[in-house]
Amino acid sequence: MMIYQTFLCFELPAILSYILFSFFGTLCSYNFHWYFTPSLYGHSQKAAWSYKNKTLHAALFILGVLGAVYFGYQLHRHWEWLLATAFITFLYSAPKIPLKPFNWLKHIAIGKTIFLAYSWTHITAFLPIELSGTPWNMSYYLFVINRFFLIYPICILFDLRDKENDKKEGIRSMITDFDNIGVSIVFWGSVFVFFITALAFSWAGLPHTMVLILSLPGLVLSFIYRYSQRNLSDYYYYFILDGLMMLSGLLILFMQF
């Protein structure tokens, strides 16, 4: 939905092979990540379920790899962008691999939240524009920056939820290293950049209705920041917070009818 949102927002032709590549790539990375997530994330029903169903995660990971390779081959002219995205995505989950070559990443992967936010921005905002072959303009640059500073503070809330368990697992990040004040500064600083770039959309020529739609997830996120630190429900995080990332896309799609 987030990829399709980019195509819709700028009236670019949807590239089906890329949408399917991203679907299988997400299936691959998601199941890879949860396959190696230990049982100590006890507050999460999702983590407990994943720990008991590693065989299913392994099967879906293999399916994701096969699908990503097949559709990725159709995009082989852009292999350098796809490879860069895969590498950054891997860096987010690599510290969870229980092998010595990866253990040291737990101590230096302080930017893992940035890796994840960059990866999602790259996949859902940058690459749809780049692969379309359309010359870049200011509205495109603003859109990519704006999406990053929406996704990043949402990722911060997920890391806040898992902060104590990440510490037990020995995984470092800015969220585990910073105190609550430091985390709040990073969160609100990101939200501030999000709104600045959203306001700049009007200057770049986007219709006011589109600017409002793209700004709405940030407004909602601002109001639920404190509540999100108290509510640890999987349903809240995976439906409400994750849903904020595609809220604008759903509204833009609704406007097409």
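What share of the contacts in the protein chain with a separation of 6 or more comes from residues 24 or more positions apart? In this predicted model, such residues account for 73% of those contacts.

Welcome to the structure. The protein chain has 14 helices and zero strands, so every element in its run from the N terminus on is an α. Of its 257 residues, 50% count as buried.

**Starting at α1**

A good place to begin is helix α1, which spans residues 2–9. This helix is mostly covered, with seven of its eight residues buried. The buried ones are Met2, Ile3, Gln5, Thr6, Phe7, Leu8 and Cys9. What do they pack against? Their partners are α2 (16–35), α8, α9 (138–161), α13 (208–230) and α14 (234–255). Just after α1 comes glutamate 11, and this residue takes a positive phi of about 55°.

**α8 and its two partners**

Helix α8 covers residues 112–132. Two of its packings, one with α1 and one with α9, can be set side by side. Two packed helices are described by the angle between their axes and the distance between the axes.

| Helix pair | Angle | Axis distance |
|---|---|---|
| α1 and α8 | about 40° | 8 Å |
| α8 and α9 | about 145° | 8 Å |

The angle of about 40° between α1 and α8 makes α1 oblique to α8. Their crossing is right-handed, and α8 also passes α9 in a right-handed crossing.

Which residues bring α1 and α8 together? On the α1 side they are Met2, Ile3, Thr6 and Phe7, and they meet Ile123, Thr124, Ala125, Pro128 and Ile129 of α8. By class, this contact has seven nonpolar, two polar and no charged residues.

The contact of α8 with α9 includes Leu116, Trp120 and Phe126 from α8, and Tyr140, Phe143 and Phe148 from α9. Its residues divide into 16 nonpolar, three polar and three charged. Thr124, Ala125 and Ile129 of α8 are among the residues that meet α1, and these three are also among those that meet α9.

**Aromatic rings**

The structure holds 22 aromatic pairs. One of them joins tryptophan 188 and tyrosine 225, whose ring centres are 5.4 Å apart; their planes stand at 75°, so the pair is edge-to-face. Tryptophan 188 belongs to helix α12 (residues 180–203) and tyrosine 225 to helix α13, so the pair ties together parts that are 37 residues apart in sequence.

Is each of these two residues buried or partly exposed? Tryptophan 188 is partly exposed, at a relative accessible area of 34%, whereas tyrosine 225 is buried, at 1%.

Elsewhere, ring pairs link Phe10, Trp81, Phe126, Trp136, Tyr140, Tyr141 and Phe143 into a cluster. Some names here are familiar: Phe126 of α8, and Tyr140 and Phe143 of α9, also take part in the contact of those two helices.

**A look at serine 17**

The last stop is serine 17, found in helix α2. This residue is buried, and its relative accessible area is 15%. Which residues does serine 17 contact, leaving aside its neighbours within four places in sequence? They are Phe71, Gln74 and Leu75. Leucine 75 lies 58 residues from serine 17 in sequence, yet in space the two are 7.5 Å apart, C-alpha to C-alpha.

Terms used:
Residues are numbered from 1 along each chain as its sequence is written. This is a predicted model: local features need pLDDT of at least 70, side-chain atom pairs count only at pLDDT 80 or more; totals for chains, interfaces and linings use all residues. Side-chain values use heavy atoms; hydrogens and water are left out. Axes are lines fitted to C-alpha atoms, for helices over the stretch in contact, and angles run from 0 to 180 degrees between N-to-C directions. Helices (H or I, at least four residues) and strands (E, at least two) are DSSP runs, numbered from the N terminus. Angles under 35 degrees count as roughly parallel, over 145 as roughly antiparallel, 65 to 115 as roughly perpendicular and the rest as oblique. A crossing is left-handed if the near helix is turned anticlockwise from the far one by less than a right angle, and right-handed if clockwise. Contact means heavy atoms within 4.5 Å. Ala, Val, Leu, Ile, Met, Phe, Trp, Tyr, Cys and Pro count as nonpolar, Asp, Glu, Lys and Arg as charged, and the others, Gly among them, as polar. Buried means under 20% relative accessible area, exposed over 50%, partly exposed in between (1.4 Å probe, protein chains only). Rings of Phe, Tyr and Trp (its six-membered ring) pair if their centres lie within 6.5 Å; planes under 30 degrees apart count as stacked, over 60 as edge-to-face and the rest as tilted.
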